[in-house]
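Hello,

Here is the structure I promised to pass on to you. Have a look at it first, and then read on for my notes.

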Amino acid sequence: MSDVLAEYIEKYSNWGRWGVDDELGALNFVGPDQIKSAAGLVTDGKVISLSLPYDANGPQIGGGRTNPQLFMTMTGSDAASGRQDRLRRGGGDAKGFGYADDYIVMPNQCGTQWDAFAHIFYKGKMYNNRDASEVDSRGAHRNGIQNFTGKIVMRGVLLDIPKLTGRAAMDPGEAVTTAMLDDACAAEGVEIRSGDAVLVRTGHLGVRRNEWRDYAGGASPGLSLHTAPWLHEHEVAAIVTDTWGMEVKPNEIDVYQPLHIVALTYMGIPIGEIFDLEALAEDCAADGRYEFMFSASPLPITGAVGSALSALAIK
């Protein structure tokens, strides 16, 4: 079955398609016309958040990634106690002025997040034939997440897979097939266009919320490796799911995360994971509109291989 991975890489690679210096990949499908068309979908002035809160109640259970930790360096108690008067530069009367300050410690991919092209290597290479050595202790010198900042604004389409069968969620280990994607498009009355972000709901986040257990890293529904031709044919600009790893787990072949290899490393499609699609699914079912303006710019963290974000569906 590893032969199919080699076949998909050969058929669907976008290395060099937009030049040897390209670091945007499939985001090149999104231009002014696509953005203006997406903006035309905003008719109600409705904004739906697609990001989980970044706090200690997130899905991480330890190991390689942890949930965010917020630390306060100044609080209201500091102001009330007069401590801030002594810290003010220049001396003099504070005249009632006080402040709070804080910082956060978290992995860049602990919650709702984008994978940068520098996140995944295959046979020592990342997107656009760049060497893995270009990611070192100082970060990614090429293919860093900052290249996506300001670029992920486009038409979004929600494909609600469990709704096809009236289930709350797909089962762990169950693959989203191309037939399911096509059936969802037909049921919702939408078509996928070049430059779209495709948001695939499995329901896995919804049924695990606040009882995460092995949500992050365990068996999970997700896209089949064999959706790669579908992603290529439709010129999908970004793929998003409500799961920790986008593709089905356990994987379908004896290669770890093979769809990441094809889609992220070779096709150059940004991958969004741990998106909260529950409120959006409810809204789309209520108004019958499964297309919307999608805005999900990552933080411009120079050299990062992933990033938190505040994702929005705007109707």
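Glu 235 sits in the loop that runs between helix 7 (228-233) and strand 13. Please keep in mind that this is a predicted model. The backbone at Glu 235 caught my eye: its phi is near 50°, a positive value in a residue other than glycine. Most residues other than glycine have a negative phi, and most peptide bonds are trans. With a relative accessible area of 26%, Glu 235 is partly exposed.

A second residue belongs beside it. Asn 129 is not a glycine either, yet it has a positive phi of about 65°. You will find Asn 129 in the loop between strand 5 (125-126) and strand 6 (130-131). Its relative accessibility is 45%, so Asn 129 counts as partly exposed.

Further along the chain there is a cis peptide bond, which joins Lys 249 and Pro 250, with omega at about 5°. Pro 250 has its place in the loop between strand 13 (238-241) and helix 8.

That brings us to helix 8 itself. How do the axes of helix 1 and helix 8 cross? Two packed helices are described by the angle between their axes and the distance between the axes. Here the axes of helix 1 (residues 2-12) and helix 8 (residues 258-266) come within 10 Å and cross at roughly 15°. Because angles under 35 degrees count as roughly parallel, helix 1 is roughly parallel to helix 8. The crossing of helix 1 and helix 8 is right-handed.

Now to the charged side chains. Side chains of opposite charge can pair when their charged atoms come close. How many salt bridges does a search of the whole structure find? The search finds 22 of them, and I have picked out a few for you:

- Arg 209 and Asp 276 meet through their side chains in a salt bridge, at 2.9 Å from N to O. Arg 209 lies in the loop between helix 6 (204-208) and strand 12 (222-223), and Asp 276 in the loop between strand 14 (271-273) and helix 9 (278-287), so this pair ties together parts that are 67 residues apart in sequence. Arg 209 is partly exposed, with a relative accessible area of 31%, whereas Asp 276 is buried at 11%.
- Arg 83 and Asp 78 form a salt bridge through their side chains, at 3.3 Å from N to O. Arg 83 is partly exposed at 35% relative accessible area, while Asp 78, at 14% relative accessibility, counts as buried.
- Asp 131 and Lys 125 are joined by a side-chain salt bridge of 3.9 Å, N to O. Asp 131 has a relative accessible area of 33% and is partly exposed; Lys 125 is partly exposed too, with 25%.
- Lys 46, Asp 283, Asp 287 and Lys 315 are linked in a network of salt bridges.

Last, a look at the surface. Which residues make a nonpolar surface patch of about 300 Å²? They are Leu 70, Met 72 and Ile 104. Ile 104 is found in strand 3 (residues 101-105), and its relative accessible area of 43% makes it partly exposed.

If you would like a place to start, try turning the model to Glu 235 and Asn 129, the two positive-phi residues described above.

Happy exploring, and best wishes

Note on methods:
Residues are numbered from 1 along each chain as its sequence is written. This is a predicted model: local features need pLDDT of at least 70, side-chain atom pairs count only at pLDDT 80 or more; totals for chains, interfaces and linings use all residues. Side-chain values use heavy atoms; hydrogens and water are left out. Patches are made of residues with over 30% relative accessible area and no salt bridge: like charges are joined within 9 Å, nonpolar side chains (Val, Leu, Ile, Met, Phe, Trp, Tyr) within 5 Å. Accessible areas come from the Shrake-Rupley method with a 1.4 Å probe; for residues, only the protein chains shown count as cover. A salt bridge is a side-chain nitrogen of Lys or Arg within 4 Å of a carboxyl oxygen of Asp or Glu. Helices (H or I, at least four residues) and strands (E, at least two) are DSSP runs, numbered from the N terminus. Buried means under 20% relative accessible area, exposed over 50%, partly exposed in between (1.4 Å probe, protein chains only). Axes are lines fitted to C-alpha atoms, for helices over the stretch in contact, and angles run from 0 to 180 degrees between N-to-C directions. Angles under 35 degrees count as roughly parallel, over 145 as roughly antiparallel, 65 to 115 as roughly perpendicular and the rest as oblique. A crossing is left-handed if the near helix is turned anticlockwise from the far one by less than a right angle, and right-handed if clockwise.
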